[in-house]
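Reader: I would like to go through this structure with you one point at a time. Could we take the individual residues before turning to the pocket and the confidence values?

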Amino acid sequence: MTWIVTPELFDSPDAAMLRRDYYDEVASRYWQRPATAEEIDEGLTDDGADRLVPPTGQFVVGRYEGRAASCAGFLVTDADAGTAELTRVYVRPGFRGTGGGGQLLAAVEDAARAFGIRLLRLDTRNDLVEARGLYAKHGYREVPAFHHRNQFAEHWFAKEL
């Protein structure tokens with residue numbers, strides 16, 4: 001069984017579907033109930049995904065046996081300092097445990113290096129336990145808060161590339 005992770009426009013049909021699934025899962029977990037279609041639509045409206053294109057960022061889609069199953073991206077936050085933020089990391093539940101998360105992170109890290117990025121940072125929440133485990137497993141270390149613009153952030157991670 002094989003994973004292939006490649007850059008893709010954030011609004012391609014597969015990428016848009018994965019971004020929607022990502023938002024559905026994180027919102028549903030946060031609210032502790034299924035998110036409605038309207039809430040998902042609202043969350044995706046003006047969410048900044050349009051910056052996940054060069055030169056401000058990159059978006060990747062992972063396919064397992066040809067099926068769109070994961071996504072992630074990064075946004076350049078300080079080009080001069082070589083810093084970017086990892087964002088929208090998602091592996092569909094049915095594909096978790098197959099190595100796709102590691103492949104996804106490796107692809108984003110390679111893309112970020114090509115942009116001259118030397119430090120990837122991210123923030124996440126307490127309830128996203130699987131994500132925190134994935135980051136720690138792949139060399140991200142928990143760091144002090146580096147910004148406060150995300151009201152939902154409870155943990156901050158960084159990795160030198």
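Reader: Where is R92 found?

Author: This is a predicted model, and the position of R92 is given relative to its helices and strands. R92 belongs to neither kind of element, being found in the loop between β4 and α3.

Reader: Is R92 buried or exposed?

Author: Buried means a relative accessible area under 20%. The relative accessible area of R92 is 15%, so this residue counts as buried.

Reader: Which residue offers its backbone oxygen to a polar atom of the side chain of R92, and how far apart are the two atoms?

Author: Leaving aside neighbours within four places in sequence, R92 is in contact with M17, L18, D21, A68 and A69. From this list, the residue whose backbone oxygen lies by a polar side-chain atom of R92 is A68, and the distance is 2.6 Å.

Reader: What is the phi of R88, and in which strand is R88 found?

Author: R88 is a residue other than glycine, yet its phi is positive, near 55 degrees. As for its place in the chain, R88 is found in strand β4.

Reader: Is R88 buried or exposed, and with which side chain does it share a polar contact?

Author: With a relative accessible area of 10%, R88 is buried. Beyond four places in sequence its contacts include R19, Y22, D47 and F59. The polar contact between side chains, at 3.1 Å, joins R88 to T87.

Reader: Which residue in the loop between α2 and β2 has a positive phi although it is not a glycine, and is that residue buried or exposed?

Author: The residue in this loop is D46, whose phi is about 55 degrees. Exposed means over 50% relative accessible area. At 79% relative accessibility, D46 is therefore exposed.

Reader: Which two residues are joined by a cis peptide bond?

Author: The omega of this bond is about 5 degrees. One partner, P55, lies in the loop between α2 and β2. The cis peptide bond joins P54 and P55.

Reader: How much space lies in the largest pocket, and which element supplies the largest share of its lining?

Author: The largest pocket holds about 1400 Å³ of space and is lined by 48 residues, which divide into 20 nonpolar, 14 polar and 14 charged. Among the elements that each supply at least two residues of this lining are α2, β4, α3 and β5. The largest share, 9 residues, comes from α1.

Reader: Which residues lie nearest the centre of the largest pocket, and which residues does L128 touch when those up to four places away in sequence are not counted?

Author: Nearest the centre of the largest pocket lie Y22, V26, T87, R88 and L128. L128 has its place in the loop between β5 and α4 and is buried, with a relative accessible area of 14%. Not counting residues up to four places away in sequence, L128 touches V26 and R29.

Reader: Where is K137 placed, and is it buried or exposed?

Author: The place of K137 is in helix α4. Its relative accessibility is 67%, so K137 counts as exposed.

Reader: What is the average pLDDT of the protein chain, and where is confidence lowest and highest?

Author: The protein chain averages a pLDDT of 93, and 97% of the residues score at least 70. Where pLDDT is low, the predicted coordinates should not be read in detail. Confidence in the chain is lowest in α4, at a mean of 91, and highest in strand β2, at 98.

Notes. Residues are numbered from 1 along each chain as its sequence is written. This is a predicted model: local features need pLDDT of at least 70, side-chain atom pairs count only at pLDDT 80 or more; totals for chains, interfaces and linings use all residues. Side-chain values use heavy atoms; hydrogens and water are left out. On a 1 Å grid over the protein atoms alone, a cavity is a set of points where a 1.4 Å probe fits but cannot get out, and a pocket is an open set with protein on both sides within 12 Å along at least five of seven lines; lining residues have an atom within 4 Å of a point. Grid points are joined across faces, edges and corners, and a volume is the space filled by probe spheres set on the points. Helices (H or I, at least four residues) and strands (E, at least two) are DSSP runs, numbered from the N terminus. Ala, Val, Leu, Ile, Met, Phe, Trp, Tyr, Cys and Pro count as nonpolar, Asp, Glu, Lys and Arg as charged, and the others, Gly among them, as polar. pLDDT is the predictor's confidence in each residue, from 0 to 100. Buried means under 20% relative accessible area, exposed over 50%, partly exposed in between (1.4 Å probe, protein chains only). A polar contact is a pair of N or O atoms within 3.5 Å; within protein, one must be able to donate a hydrogen and the other to accept it, and residues adjacent in sequence count only if both atoms are side-chain atoms. Contact means heavy atoms within 4.5 Å.
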